[in-house]
Amino acid sequence: MASHRRPKNPSRARVTVLTVTAAAAVVLSSQAANADPKPTKSEVKAKVDKLNHEAEVATEYYNGAKEKQDKLEKQVAALQDKAARGQQELNALRAGLGSIAAAQYRSGGIDPSVQLFLASDPDTFLDQASALDQLTARQSDSLAKIQAKQRTLAQERKEAQDKLSDLADIRKTLGEKKKQQQARLAEAQRVLNTLTAAERQQMRDDAAAASRAAGEKVRASRTTGDRVELGNEVPASALGAAALRAAETRIGKPYQWQATGPNSFDCSGLTQWAYAQAGVQITRTTYTQINQGTRVGQSQLKPGDLVFFNNNTHVGLYAGNNTVLHAPYTGANVRYESMSTIGSFLAGVRI
């Protein structure tokens, strides 16, 4: 049977297609209008600086946990060695007790009065009885020593086990902080990659120019005499002056996560290395270095003082004239930089 459906009107079909096409074009143009514009170089720099700061926070936490891990490993090794020596002493005491028991057995378990009755030489028996009394006294003493050693050994083993548990927690923290640091650096690189190669080079050139200007500011004010190395500001101390001079020899060396020199550094690694060259050992992280000396305010800073920024997650050496010598972040080298561009000042510390 033939179909009686009315054929589609070609003009209406064309109108439908055109309408859909137009709607799609409106949607696409709306999406294009709402798409995020390419970030400017200054916006990228701000984002990268923030990510580098977050990476440095993770780095300092990692350094602190690593320092704790190293101490715990030494403590665990010492406790395990002590427990091993204690076990040897316990074994020796037990062997001695066995010798005493064997001597008693050889003397026989016969009642002493019967032994005296059977003895052909009473004097010899009395000597033997005295020796037996001494054996019994030694046995009691050995038993007391064994019990004391067992208690001590159990305590040492528990302490070692507790330290091992702490060590496992620290190692977990190390892994977490390392992942955080790597994630922040990867994100910083992704953000940098939104710029062209020329723009990235310009950012590096700008940072290098700022560092040169800061260094020239320090050098321009240098005088003669006992302040020749530090400019027209009196150094914090001979120790601070020596540490700053040592750090100046590292200008241009790359920042490297967890590095303590002499050819690469993180921020607290540089300050620790510089003071070591001056003959003083300071601790490893910003969180502990800040407690190593006398606190001073920003207006009291002198060359050689430690300077802490950004809620105690970054440290450098004050070089004079509102300038800091520091290891900034991954991808940058040890350099001079104006304090105003590093971050929020927290405290100065005079070693």
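**Exercise 1. State which helix gives the largest share of the lining of the second largest pocket, then describe that pocket.**

Step 1. Helix H2 gives the largest share of this lining, with 6 residues.

Step 2. The model is a predicted one, and the volume computed for the second largest pocket is about 160 Å³.

Step 3. At least two lining residues come from each of H2, H4 and helix H8 (286–289). Among the lining residues are Glu60, Lys68, Ile170 and Tyr287.

Step 4. Sorted by class, the lining holds 4 nonpolar, 4 polar and 3 charged residues.

**Exercise 2. Describe the largest pocket by its volume, its lining and the elements that contribute to it.**

Step 1. The volume of the largest pocket is about 1200 Å³.

Step 2. Its lining is made up of 43 residues, and those nearest the centre are Ala207, Pro328, Tyr329, Ala332 and Arg335.

Step 3. Two or more lining residues come from each of helix H2 (41–107), helix H4 (122–192), helix H5 (197–220), S4, S5 and helix H9 (339–342). H5 has the largest share, 13 residues.

Step 4. The class count is 16 nonpolar, 15 polar and 12 charged residues.

**Exercise 3. Give the strand order of the sheet and explain which strands stand at the edges.**

Step 1. The sheet is open and has 6 strands in the order S1-S6-S2-S3-S4-S5, with antiparallel pairing.

Step 2. Strand S1 (294–296) and strand S5 (335–338) each have a single partner strand, so each has one side without a neighbour in the sheet; these are the edge strands.

Step 3. On average, and with direction ignored, neighbouring strands of the sheet are turned by 40 degrees against each other.

**Exercise 4. Follow the pairing from S2 through S3 and S4 to S5, noting the residues that stand opposite one another.**

Step 1. S2 and S3 are joined by 4 bridges in the antiparallel sense. Val307 is placed opposite Gly316 in S3. The hairpin of these two strands has 4 residues between them, and Asn310 there has a positive phi near 50 degrees.

Step 2. S3 and S4 are antiparallel over 3 bridges, and Gly320 faces Thr323 in S4. This hairpin has 2 residues between the strands, with Asn321 at a positive phi near 55 degrees.

Step 3. Strand S4 (residues 323–326) pairs with S5 over 4 bridges, again in the antiparallel sense. Leu325 is opposite Tyr336 in S5.

**Exercise 5. Explain why S3 is described as largely enclosed, and identify the helices H6 and H7 that meet the sheet.**

Step 1. Buried stands for under 20% relative accessible area. In S3, 7 of the 7 residues are buried, so the strand is largely enclosed by the rest of the structure.

Step 2. Helix H6 (residues 238–248) lies across strand S3 (314–320), S4 and S5, and runs at about 105 degrees to S3.

Step 3. Helix H7 (residues 267–277) also packs on the sheet, where it touches strand S2 (306–309), S3 and S4. The direction of H7 makes about 50 degrees with that of S3.

**Exercise 6. Locate Leu185 and list its contacts beyond four places in sequence.**

Step 1. Leu185 belongs to helix H4.

Step 2. With neighbours within four places in sequence left aside, Leu185 is in contact with Asn52, Ala55 and Thr330.

Step 3. Leu185 and Tyr329 are 144 residues apart along the chain, and their C-alpha atoms are separated by 9.8 Å. Tyr329 is also one of the residues nearest the centre of the largest pocket.

Note on methods:
Residues numbered from 1 in each chain as written. Predicted model: local features only at pLDDT ≥ 70, side-chain atom pairs only at ≥ 80, totals over all residues. Heavy atoms only, no water. Pairing = 2+ DSSP bridges. Axes fitted to C-alpha atoms, helices over the stretch in contact; angles between N-to-C directions. Contact = heavy atoms within 4.5 Å. 1 Å grid on protein atoms, 1.4 Å probe; cavity = no way out; pocket = protein on both sides within 12 Å on 5 of 7 lines; lining within 4 Å. Points joined across faces, edges and corners; volume = space filled by probe spheres on them. Nonpolar A, V, L, I, M, F, W, Y, C, P; charged D, E, K, R; others polar. Buried < 20%, exposed > 50% of the residue type's maximum accessible area, 1.4 Å probe, protein only.
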